[in-house]
Amino acid sequence: MEPRVWRVDVAKRTVTTEAVPPTRERLGGRGLIARILLDEVPPKCDPLGPLNKLIWTPGLLTGHMLPSCDRISIGGKSPLTRGVKESNAGGSTGLKMARLGIKAFLLEGDLPVDGWWLLYVSAQGGRFEAADDLAGAGVYQAAARLVDRFGTKVGLALIGPGGEMRLSGAGILNLDKDREPSRINGRGGLGALMGARRLKAIVLDDSGGERPPLADPDLYSAAQKQFVRELMAHPQTAIYRDYGTAGLVSLVDGFGGLPTRNFASGRFEGAEKISGERMRDLLQARGAPSETTHACMAGCTIRCSNRFGSQSGEKIVQPLEYETIGLVGSNLGLDDLDAIARLNWEINDLGLDTIEIGAALGLAAEAGYMSFGDFNGAMALLGEIRRGTPLGRVIGNGAVATGRALGVRRVPAVKGQALASYDPRAIKGTGVTYATSPQGADHTAGLTVRAKVDHLDPKGQAELSRTAQINVAGYDTLGACLFASFGFAKAPTAVRDLLNARYGWDVSDGILQELGLETLRLERGFNRAAGFGPQDDRLPEWMTTEPLPPHNSVFDVPDEDLDRLSE
Amino acid sequence: MIVTVRLHTILRRQSPEGVVDRLQLDLQPGATVATVLAQLDIHLRDDSILLVLNGRLVKPDHPLADGDELRLVPAISGG
């Protein structure tokens, strides 16, 4: 099945396909999104207007169930940052799109004025169906009804009420291998772009699809074996399997960088109660349906995900991840994993990003609209979002909107997007990434927390961040999970060989960094044309003056160091 | 001198009383982080364990003082 570019116009209800232009053949995932945005979207356009496009692209390696390499990138001009945005997720969407020969899938054209639609995509093409009956439905109920209607083998990408309301904190959710709509392209408000075009869901039927062809199956097989062997042998794989990303709670709290009560402290007195260690003990004691390890996509060998069940044996949410524990837990002063899991389910069901909404709730707490540590108060504010009240819409539009509306100055955001669960005053390399990434403050744009450096020393952090940002942009273009990078790091020829074997190319050892650099160059080009300059590559001013306990440190990486990364 | 040692994730240990993730060690003056690693029979491999003393990353030869908190953290990243 020859890869094609798909163009979908909801207002006209047309689906067309075309050949992949040569300039797009050697990109996928995040890099291809930046290329398409530069080629086709006016950088200064209204993000929720007709000139913006919402783009799905599988990574370059997606389509073969190579462990941890079947991710889907979604992107467009962000309503949150007003710049370039890519957010990637696991689940089955990437694999199914690749098997349907979809190189890129563009939602474009005029905005429909009424009705709600779904698009059924198969090897025969695309078909619109009315979806008015799903309007207003939460993500979990909508996904269950779609699976009932179209069968258990389809993939889904859908929005919740948050996307329908075009809230800037809205994401797009995908089915995992258990058909749970829990794998979210969460960051940057991309769900609002889908809502603006009144598309509730895409249903992916790949039953007539096929694995993408391989130019050199023997070379592919050898590279795959080497990669999988190294990935399985890596000590980090065992940690992620047993503790998941929640293992970071103790680590980041230990460094004094765990966001606590709207980033007022980097150490949380309840950290042990919400740690990965505690979660593992709790889930093991509770037994089924709780699971300490779980795969988000078929073929994953790491299985960092989990299923969080209650004491009485009902499933609450799958998975419960570190960033959510940080922003919805310690950042709200909550030290109860059950409470955090229930808030996580609610935010997922609304189709919103737990990081953005957790940060917004922290601001609401600082403004007195709930108390820190008050689970019922947080749930009540999420209820405001579901009802679409003015206060709910403010919070659903994210941290910056909430801070401005409620009069809170201490807003943890860069380029309009909330910081993830590492306070940059204690983990300064990650602060450099927050400040300078074209994506805004993003936990997937280049973390530095595991580097063997003094995280409080401003020296050398810019270089550390730069290397991390380049590598991550490369992996995001491949469609590889960040945790696959441990296997690739120990099998240094595998990326080169897998690409050459799949596509018949002749790329060299440095291909990962070449893809990363090219991606960042394209993204910065789009942002510059959208009006961004060096003044936007900064952390919030208050983080450079307000000391963070326990180290009482401020963010003091010099502006000149930040500017060097923007060049 | 008394030093508190916190064992993270896979370094936690099973004991008849349950999971142990916090120890208080009584060490001789002059003890370093490496002394603790040797006492607990923990071998550093590659860059797989972060040594975090009172919230800051240190090297194995770093000296310890009474009241210190040393965290031994198998390195992970990402969220």
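Okay, let's start with a pair of helices: H7(A) and H20(A) cross in a left-handed way. Left-handed here means that the near helix is turned anticlockwise from the far one by less than a right angle, and clockwise would make it right-handed. Before I go on, this is a predicted model, where local features need pLDDT of at least 70, side-chain atom pairs count only at pLDDT 80 or more, and totals for chains, interfaces and linings use all residues. Residues are numbered from 1 along each chain as its sequence is written, while chains are lettered from A and ligands numbered from 1 in the order in which they are written.

Back to our pair. H7(A) covers residues 217–233 and H20(A) covers residues 494–503, and they pack at an angle of about 150° with their axes 8 Å apart. Helices and strands, by the way, are DSSP runs numbered from the N terminus: H or I with at least four residues for helices, E with at least two for strands. The axes are lines fitted to C-alpha atoms, for helices over the stretch in contact, and angles run from 0 to 180 degrees between N-to-C directions. That angle makes H7(A) roughly antiparallel to H20(A). The cut-offs are under 35 degrees for roughly parallel, over 145 for roughly antiparallel, 65 to 115 for roughly perpendicular, and oblique for the rest.

Who's doing the touching? H7(A) brings Leu219(A), Tyr220(A), Ala223(A), Gln226(A) and Phe227(A), and H20(A) brings Ala494(A), Asp497(A), Leu498(A), Asn500(A), Ala501(A) and Arg502(A). Contact means C-beta atoms, placed from the backbone, within 7 Å. Sorted by class, that contact has seven nonpolar, two polar and two charged residues. For the classes, Ala, Val, Leu, Ile, Met, Phe, Trp, Tyr, Cys and Pro are nonpolar, Asp, Glu, Lys and Arg are charged, and the others, Gly among them, are polar.

Next up, H11(A). How many of its residues are buried? Eight of its eight, so mostly covered is the verdict for H11(A). Buried is 20 or more other C-beta atoms within 10 Å of a residue's own, exposed is 12 or fewer, and partly exposed is in between, with C-beta atoms placed from the backbone. The cover over those buried residues includes H9, H12 and H13 of chain A.

Let's look at H13(A), residues 354–366. The axes of H11(A) and H13(A) come within 8 Å and cross at roughly 15°, and the two helices are therefore roughly parallel to each other. This crossing is left-handed too. On the H11(A) side you'll find Glu323(A), Thr324(A), Leu327(A) and Val328(A), facing Thr354(A), Ile355(A), Gly358(A) and Ala359(A) of H13(A). That works out as four nonpolar, three polar and one charged.

Just after that comes the loop between H11 and H12 (337–350) of chain A, and Asp335(A) sits in it. Asp335(A) has 18 C-beta neighbours inside 10 Å, so it counts as partly exposed. Leaving out residues up to four places away in sequence, Asp335(A) touches Gly270(A), Lys273(A) and Ile274(A). With Ile274(A), the C-alpha separation is 5.8 Å, though the two are 61 residues apart along the chain.

Now the core. The largest nonpolar core has 189 residues, and Val203(A) is among those with the most contacts inside it. A nonpolar core is a set of buried Ala, Val, Leu, Ile, Met, Phe, Trp, Tyr and Cys residues joined through C-beta atoms within 7 Å. Beyond four places in sequence, the partners of Val203(A) include Leu118(A), Tyr120(A) and Phe150(A).

What about the two chains together? Their contact takes 36 residues from chain A and 20 residues from chain B. On chain A, H8 (235–243), H9 (248–254), H10 (276–286) and H11 (322–329) each give two or more residues. H8(A) gives the most, with seven. By class, the chain A side has 17 nonpolar, eleven polar and eight charged residues.

Last, some backbone oddities. Ala288(A) to Pro289(A) is a cis peptide bond, omega near 5°, with Pro289(A) in the loop between H10 and strand S13 (291–294) of chain A. Pro549(A) and Pro550(A) are also joined by a cis bond, omega about 5°.

And which residues other than glycine have a positive phi? Asn262(A) is one, with phi near 50°, and Asn54(B) has one of about 50°. Asn262(A) is buried, with 24 other C-beta atoms within 10 Å, whereas Asn54(B) is partly exposed, with 15.

Note on methods:
Contact = placed C-beta atoms within 7 Å.
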